[in-house]
Amino acid sequence: MKTELARQIGDLRQGDHLCLIYEEPAEQMAAVIPFVQDGLARGERCVYIADDRTVDEVHSALEAVGVDVPGLSARGALALLTKRDAYLRSGSFDPEAMIAFLRQAVADALEAGFTGLRATGEMTWALGHEVGCDRLIEYEALLNDFFPGSRALAICQYNRRRFLPAIVHDVLRTHPIAILGDQVCPNPRYEPPRLVLGLGSEAERVDWMIAQLKQARAEAAGVWADQERLRKLSSVVEQTADSVVIADKNGAIEYVNPAFERATGHTREEVLGKTPRILKSGQHDQTFYEELWQTILSGRAFNAVFTNRKKSGELYHERKTISPLRDAQGNITHFVATGKDITEHQQAEEALARQAEELARSNAELQQFAYVASHDLQEPLRVVAGFTQLLARRYRDRLGPEADEFITYIVDGVNRMQRLIQDLLTYSRVGRRNLRLAPTDGEVVLEHALADLRVAVEDSGAAVTHDALPTVLADATQLGQLLQNLLSNAIKFRGPQPPRVHVSAERRGQEWIFSVRDNGIGIDPQYRERIFVIFQRLHTREEYPGTGIGLAICKRIVERHGGRMEMESTPGEGSTFSFTLPIQPMVGAQGRAPLRTAPESRVGG
């Protein structure tokens, strides 16, 4: 597992120039080994210049963490050098020559197919007496002109036990980034090469110091702003009505907010260090929790309704989201669970479901009653009708005009009652009959409806036209009944002109909209809803025969298909009745019902 220092070193990029200030060998290796490993992983050529340690010691330290030193060295990915191989190649130290050496090393690495050069050197060689060692700080300053924009980066290692404080002070002045202990630190004491080399004026030095002070102030302001945001976030989490739980990657609880305490009855002190299993109710099976862990460990959020148990033993329902938290390197470190108590809502839904079930059962019983009642009423009604008709035949004109009138009323009432019962049976059958949904050709259904209405069409002189009609997923029998009722009404409720009826269909989104338009007497818009109610009539029986059940049957058929029915009308000018049918995918249709492209047809006058 990577250390925090290793993760920070992994954020370094080409162009960086760092110093490592260390006191113990372990502190030294804790930084340079992950530095080399990260470079190898990035495909860079890595160079280690040993001096404080021997090359063999560095070789062993790298192999101890799994680095294949011989193999990497053989293909040029890793080079372990001494001060004589690098800094003191000519027997003395020349900063410009060393920078030229580094420039050539970068070019060689790129030519060999590596992504760049990564170097680290133990700087104790500068404590020797070779010519040029006194130019160490000059060299470090010049490196700050070389590295930015290059395909290289480096760590210069300084053993604090061996270098004088004055030199360490100057080293810090010449490195934009310093590794101190277990931290990679941007260096506010860094100075540009021009100032380090004494080439800048006092005015330039003052400008640099002022700029650094302003930057430090801005950074401090940013830290303060971050702290303020954290305070606000903490306040929100503490005061929110939703429960919040933060657990480590093993599920151990590290934080809960007051809402959690109120919801569960557990105090913060009681749950810290424990896992959320303390809330398990036994209402979820093992697969539920397996799916939970599989989801969050893959980096995704898990959403579900949990049935948990409070400290008191009472069950409660909570809609919860559990999300993973990642660090800068993308590793999951914690999980955050937010939950909303929906117990009352859940109970309300369950009550509503029970009511819906009860209503459905009541409707079914009512429908059964209507069917049975209307069916059973027919027999005694037939008896009454038969004897009333016999009475009319035998005694008409023999009991006087007033008796003849009474007999006529009885016969008419029995006939109307028979028609009402027949229509009620028809209405109840619409709901009792199971829908047989299948691809249904609208053209064929219309042809059959018009065939059944041929006499009415011819007697009225009606002209029925239609656009190409689609194939829809419907119950063919009920769709035919629906179209026949609408066409029959259009012919029946006509004005002084012969009826003109047009049937069309239009696709909008995921539904077909069928329309039946006529030029009849029209309907006042105030009766828009009333006309679809069973046995509701707008005209007397003397004006227009019927029981007023046709449109109620139409509406019921449409709703059973998952559609809706509407009417638009202008009194004296005609009406348009529209109904929708949902579009559902059919085999071979790729989710779209095929449309017949037959030309417009015309039936009747």
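A salt bridge here is a side-chain nitrogen of Lys or Arg within 4 Å of a carboxyl oxygen of Asp or Glu. Lys320 and Glu318 fit that description, since their side chains meet with N and O 3.3 Å apart. Both Lys320 and Glu318 are buried. Please keep in mind, as we walk through the structure together, that this is a predicted model.

Let us start the tour proper with the sheet. It is an open sheet of seven strands, and reading across it you will meet β3, β2, β4, β5, β1, β6 and β7 in that order, with mixed pairing. The edges belong to β3 and β7 (183-186); each has a single partner strand, so one side of each is left without a neighbour in the sheet. If you look at the strand directions, neighbouring strands are turned by 20 degrees against each other on average, direction ignored.

Now zoom in on β4, a good strand to follow residue by residue. On one side of β4 it has β2 (residues 45-50) as a partner: the two run parallel and are joined by five bridges. In this pairing, Tyr48 stands opposite Thr120 of β4. The strand β5 is also a partner of β4, again running parallel, and here six bridges make the connection. Two of the matched positions are easy to find: Gly121 stands opposite Cys156 in β5, and Glu122 has Gln157 in β5 as its bridge partner. To get from β4 to β5 the chain passes through α6, and this β-α-β crossover is right-handed.

How many of the six residues of β4 are buried? The answer is six of six, so the strand is mostly covered, given that buried means under 20% relative accessible area. The cover is found on both faces: Leu117, Ala119 and Gly121 are buried on one side, while Arg118, Thr120 and Glu122 are buried on the other. Arg118 deserves a second look, as it lies over the face of Phe35, at 4.6 Å from the ring centre. A similar arrangement can be seen elsewhere, where the charged end of Lys280 sits over the ring of Tyr289, 4.6 Å from its centre.

From charges over rings we can move on to rings beside rings. The model has 13 aromatic pairs. In one of them, Tyr87 and Trp125 have ring centres 4.4 Å apart and planes at 20 degrees; planes under 30 degrees apart count as stacked, so this pair is stacked. The two residues come from distant parts of the chain, 38 residues apart: Tyr87 is in the loop between β3 (78-82) and α5 (95-111), and Trp125 is in the loop between β4 (117-122) and α6 (136-146). Tyr87 is buried at a relative accessible area of 7%, and Trp125 is buried at 1%.

Phe93 and Tyr139 give you another geometry to inspect. Their pair is edge-to-face, with 5.2 Å from centre to centre and 90 degrees between the planes. Phe93 lies in the loop between β3 and α5 and Tyr139 in helix α6, so the pair ties together parts that are 46 residues apart in sequence. Phe93 and Tyr139 are both buried. Put the two pairs side by side and a wider picture appears: ring pairs link Tyr87, Phe93, Trp125 and Tyr139 into a cluster.

Let us end where we began, with the salt bridges. The count for the model comes to 24. One of them joins the side chains of Glu23 and Arg160, at 3.8 Å from N to O. Why does this pair tie together parts that are 137 residues apart in sequence? The reason is where the partners sit: Glu23 lies in the loop between β1 (17-22) and α2 (25-41), and Arg160 lies in the loop between β5 (152-159) and α7 (165-173). Glu23 is partly exposed, with a relative accessible area of 33%.

Another salt bridge is formed by Arg42 and Asp38, whose closest N and O atoms are 2.7 Å apart. Arg42 counts as partly exposed at 33% relative accessibility, whereas Asp38 is buried, with a relative accessible area of 15%. Finally, return to Glu23 and Arg160 and look around them: salt bridges that share partners join Glu23, Glu24, Arg160 and Arg161 into one network.

Methods
Residues numbered from 1 in each chain as written. Predicted model: local features only at pLDDT ≥ 70, side-chain atom pairs only at ≥ 80, totals over all residues. Heavy atoms only, no water. Helix = DSSP H or I, 4+ residues; strand = E, 2+ residues; numbered from the N terminus. Buried < 20%, exposed > 50% of the residue type's maximum accessible area, 1.4 Å probe, protein only. Phe/Tyr/Trp six-rings, centres within 6.5 Å; stacked < 30°, edge-to-face > 60°. Lys NZ or Arg CZ within 6 Å of the ring centre and 35° of its normal. Pairing = 2+ DSSP bridges. Right-handed = clockwise from strand over helix to strand, strands pointing away. Axes fitted to C-alpha atoms, helices over the stretch in contact; angles between N-to-C directions.
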